[in-house]
Amino acid sequence: MMQTRTVYVTLALVGAALSTAVAPVVAAPSAAPAAPAPSTACPTGWGSLAKSDTADTATTTPVRDVRTGRHDCYDRMVVELPGAGGGGSAGAVGYTVRYVDRLYQDGSGTHLPVAGGAVLEVRVAAPSYVPETGEPTYPARAGQPLPGVNPAGYRTFRDTRFAASFEGDTQLGLGLRAQLPFRVLQLHDRLVIDVAHSWTGAR
């Protein structure tokens, strides 16, 4: 009788173990897939041809500063001319921006070396001195990098040079990684030059 009871107990335990082994495994609900990181749609179509606006847009308001900044799609140079906006009107300052093989200083014709795979010449129809006295308003020296501007870490900019302020125009050189698309914006009291990081619109 004891043996029979032992057999029953053993069978019961084996059955319980088997039922546990074959019990369906309930999977934890899967987490929703992570949303893709938002991508920046970089502008395209700027092109690399010369851009200018020289019709009746010279000013005697002098250049006060030049600064640069890094953005997702482009590197930016800003030429500051406080007071040249004429009360907020756009297009108050003339310019010519173009790629050149080499940068030559206005007036003297001296070649000014600019580092990089391409050189963008920026001419602003404004002096960098007080016209009445000749006193400099922007502390730059011919052939030297722009004061306070360091292109280290920029994706497109490689070098900057102050060329000259001659006969009411200010001439700058911008060394780039390569010849890339660019645009020019005339904003209140400033001129903006944006150079894209690539031709494809990729960041």
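1. A polar contact is a pair of N or O atoms within 3.5 Å; within protein, one atom must be able to donate a hydrogen and the other to accept it. By that criterion, the side chains of Glu-80 and Arg-67 are joined by a polar contact of 2.7 Å. The model in which this pair is found is a predicted one.

2. Glu-80 merits a closer look. The residue belongs to strand E3. Because the cut-off for a buried residue is under 20% relative accessible area, Glu-80 counts as buried at 13%. Leaving out residues up to four places away in sequence, Glu-80 touches Pro-62, Val-63, Arg-64, Asp-65, Arg-67, Asp-189 and Arg-190.

3. On confidence, the mean pLDDT of the protein is 82, and 75% of the residues reach 70 or more. Among the elements, strand E5 (residues 103–104) has the highest mean pLDDT, 98, and helix H1 (residues 2–21) the lowest, 42. Residues 1–29 have pLDDT below 50, and in the model this stretch has zero contacts beyond near neighbours in sequence.

4. The first sheet to consider contains strand E3. Four strands make up this open sheet, in the order E2-E3-E11-E10, with antiparallel pairing. Strand E2 (65–70) and E10 are at its edges with a single partner strand each, so one side of each has no neighbour in the sheet. From one strand to the next, the twist averages 15°. Within this sheet, E3 and E11 pair in the antiparallel sense over seven bridges. Arg-76 has Asp-194, in E11, as its bridge partner.

5. Another open sheet is formed by five strands, ordered E1-E4-E7-E9-E8 and paired in the antiparallel sense. Its edge strands are E1 (51–53) and E8, each of which pairs on one side only. Here the twist from one strand to the next averages 20°.

6. Strand E7 has partners in both E4 and E9. With E4, strand E7 pairs in the antiparallel sense over six bridges; Tyr-95 stands opposite Val-124 of E7. The antiparallel pairing of E7 and E9 runs over seven bridges. Opposite Leu-120 stands Leu-174 of E9, while Val-119 faces Gly-175, also in E9. Of the seven residues of E7, six are buried, so the strand is largely enclosed by the rest of the structure.

7. The nonpolar interior deserves separate mention. In soluble globular proteins, nonpolar side chains tend to be buried together. In this model the largest nonpolar core has 31 residues, and Leu-120, Ile-193 and Val-195 have the most contacts inside it. The elements giving two or more residues to this core are strands E3 (74–80), E4 (95–100), E7 (118–124), E8 (157–166), E9 (169–176), E10 (182–187) and E11 (190–196). E7 contributes the most, with four residues.

8. The surroundings of Ile-193 can be listed in full. Neighbours within four places in sequence aside, Ile-193 is in contact with Asp-75, Arg-76, Met-77, Val-97, Leu-120, Val-122, Arg-183 and Val-184. Apart from the largest core lies another, of six residues, including Val-100, Leu-103, Leu-112 and Val-114.

Methods. Residues numbered from 1 in each chain as written. Predicted model: local features only at pLDDT ≥ 70, side-chain atom pairs only at ≥ 80, totals over all residues. Heavy atoms only, no water. Core = buried A, V, L, I, M, F, W, Y, C linked by side-chain atoms within 4.5 Å. Buried < 20%, exposed > 50% of the residue type's maximum accessible area, 1.4 Å probe, protein only. Contact = heavy atoms within 4.5 Å. pLDDT = per-residue confidence, 0-100. Pairing = 2+ DSSP bridges. Axes fitted to C-alpha atoms, helices over the stretch in contact; angles between N-to-C directions.
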